[in-house]
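Please open the structure in the viewer and keep the selection panel at hand. The tour proceeds by successive selections.

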Amino acid sequence: LEVLALGPCVRRKDPIGAVRAFKQAAGASGQRWRLTWVGDGPLRRRAQAEGRHAGVTFAGRVTEWHKRGLLMNSDIFLHCSRLEGFPLAVLEAQAAGLPVVAYRAASMSELVEHGETGILVDAGDERALADALRRLMMDASARERMGQRAAASIRERGLVWSETVRRVAAAYASVL
């Protein structure tokens, strides 16, 4: 069972807090979970040390093809950014049918419907983050339901790539 996180290993993305919450949740779930963090940065070594012997892997930078494979083979998406504009990684995860566990920061409440497409907790609250992860780790039907709803919400909002291309092409055609 897989948890995936995408983003640079920098303070505002909170990779160390994410690893701590994951360890707590995975230990309490009674199941074998792994966390893969895709991204690099100055906090990578510290976060790796925190996750040593706990099923945590830091993949560094990966190709889009590899990232897509990780999205398709994961069960939960973890997004621990404390400061975020409009996180494309969250949209990619939702489009792949993953429920999102995230800090309630900036635009996250607009992207993740709490209890419907994922679970939001107060930014920086590692205990609440761990609890949210544990709840989804232990409830496969909730993961499935939230993941299906997340993918549907991306389609309903017209945020799929093919729709975006169609809209951009129509905008260009209208001014040419």
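A nonpolar core is a set of buried Ala, Val, Leu, Ile, Met, Phe, Trp, Tyr and Cys residues joined through side-chain atoms within 4.5 Å; buried means under 20% relative accessible area. The model shown here is predicted.

Begin with V3 and L78. These are the residues with the most contacts inside the largest nonpolar core, which has 32 residues. Next, select helix α1, residues 15-29: this helix supplies the largest share of that core, 7 residues.

Return to L78 and display its surroundings. Leaving aside residues up to four places away in sequence, L78 touches V3, L4, A5, A18, L35, V101, L129 and L133. A second core, separate from the one just visited, comprises 18 residues, among them V38, L70, A89 and L111.

Now turn to the strands. Select β4, residues 76-79, together with β5; the two pair in the parallel sense over 3 bridges. Within this pairing, H79 of the one strand is found opposite A102 in β5. To follow the connection, trace the chain from β4 through helix α4, residues 88-95, to β5: this β-α-β crossover is right-handed.

Keep β5, residues 100-104, selected. How many of its 5 residues are buried? The count is 4, and the strand is thus described as mostly covered.

Finally, add strand β6, residues 118-122. This strand runs parallel to β5, to which 5 bridges join it. Centre the view on V100 to see G118 of β6 standing opposite.

Conventions. Residues are numbered from 1 along each chain as its sequence is written. This is a predicted model: local features need pLDDT of at least 70, side-chain atom pairs count only at pLDDT 80 or more; totals for chains, interfaces and linings use all residues. Side-chain values use heavy atoms; hydrogens and water are left out. Buried means under 20% relative accessible area, exposed over 50%, partly exposed in between (1.4 Å probe, protein chains only). Two strands pair if DSSP finds at least two bridges between them. A crossover is right-handed if, with the strands pointing away from the viewer, the path from the first strand over the helix to the second runs clockwise. Contact means heavy atoms within 4.5 Å.
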